[in-house]
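Q: Hey, can you walk me through this one? I'd like to start with the cysteines.

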Amino acid sequence: MSGLRPAAALLCAALLGCTAPPPAAPDTRRTGFDDMSPALQAMQRDDTRNPGMLWVQEGQALWSQRAANGKSCAGCHADELAGVAARYPAFDAAQNKPRTLAARIDQCRVQHLGESPQGADGAQVLPLSAWLAHRSRGALVAPPRDE
């Protein structure tokens, strides 16, 4: 019997090793930032030199601005949207199609503020998209896991 114990222990260790989860694959995702020239990366890092910050500032002002019906984005959403840009694109079950952040902003403007649709590059949609994306800076892109 004593001769079987080391063999049994080895068999048990081998079986336990087989049931262990495989090691996680390294994350190989990259951002477009990695492919930029050093000068462009420096401009992107410096908010005072980045021309995109003009839209961010405008979006921040629009966030609290009241529409003709007296409502504003901030009135409904308060401060709950930090990181929201990292969750888009997302599937919109009501529309039965995927939606970008800009499309969702435009839809919300139309439905809740009584504004006319503008599209992704609209005079209000683009700055609001930029501001929400800025508030999501550093968040990992993690759209909902749906088909």
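A: Sure. Take Cys 73: its sulfur is 6.3 Å from the closest cysteine sulfur, the one in Cys 108, and that's too far for a bond. Keep in mind that this is a predicted model.

Q: And what is the closest cysteine sulfur to the sulfur of Cys 76?

A: Cys 108 again, at 6.6 Å, which is too far for a bond. A disulfide needs the two sulfurs within 2.5 Å, and the count comes to 0 disulfides.

Q: Is Cys 73 buried or exposed?

A: Buried, because its relative accessible area is 13% and the cut-off for buried is under 20%.

Q: OK, cavities. How many of 30 Å³ or more are there?

A: The count is 1 cavity, with about 40 Å³ of space in it.

Q: Which residues line the largest cavity?

A: Your cysteines turn up here: Cys 73, Cys 76 and Cys 108 are in the lining, along with Ser 72, His 77, His 112 and Leu 113. The elements giving two or more residues to that lining are α4 (73-77) and α5 (101-113).

Q: What about the largest pocket, what's its volume?

A: About 560 Å³. The lining has 21 residues, and those nearest the centre are Ser 136, Arg 137, Gly 138, Ala 139 and Val 141.

Q: Which helix gives the most to that lining?

A: α6, with 3 residues. Both α3 (53-64) and α6 give two or more.

Q: Which residue does Arg 137 meet in a salt bridge?

A: Asp 47, at 3.0 Å from N to O. Asp 47 is in the loop between α2 (38-45) and α3, while Arg 137 is in the segment after α6, so the pair ties together parts 90 residues apart in sequence. Asp 47 counts as partly exposed, at 30% relative accessibility.

Q: How many salt bridges are there in the whole structure?

A: A search finds 3. Arg 109 pairs with Asp 106, their closest N and O atoms being 2.8 Å apart, and also with Glu 115, at 3.9 Å. That links Asp 106, Arg 109 and Glu 115 in a network.

Q: Where do Arg 109 and Asp 106 lie?

A: Both are in helix α5, 3 residues apart, about one turn. Arg 109 is buried at 2% relative accessibility, and Asp 106 is buried at 10%. Glu 115 is partly exposed, at 24%.

Q: Last thing: which residues form a nonpolar patch on the surface?

A: Leu 54, Trp 55 and Leu 126, with about 290 Å² of accessible area together. Leu 126 sits in helix α6 (residues 125-135) and is partly exposed, at 32% relative accessibility.

Methods: Residues are numbered from 1 along each chain as its sequence is written. This is a predicted model: local features need pLDDT of at least 70, side-chain atom pairs count only at pLDDT 80 or more; totals for chains, interfaces and linings use all residues. Side-chain values use heavy atoms; hydrogens and water are left out. Buried means under 20% relative accessible area, exposed over 50%, partly exposed in between (1.4 Å probe, protein chains only). Patches are made of residues with over 30% relative accessible area and no salt bridge: like charges are joined within 9 Å, nonpolar side chains (Val, Leu, Ile, Met, Phe, Trp, Tyr) within 5 Å. Accessible areas come from the Shrake-Rupley method with a 1.4 Å probe; for residues, only the protein chains shown count as cover. A salt bridge is a side-chain nitrogen of Lys or Arg within 4 Å of a carboxyl oxygen of Asp or Glu. Helices (H or I, at least four residues) and strands (E, at least two) are DSSP runs, numbered from the N terminus. On a 1 Å grid over the protein atoms alone, a cavity is a set of points where a 1.4 Å probe fits but cannot get out, and a pocket is an open set with protein on both sides within 12 Å along at least five of seven lines; lining residues have an atom within 4 Å of a point. Grid points are joined across faces, edges and corners, and a volume is the space filled by probe spheres set on the points.
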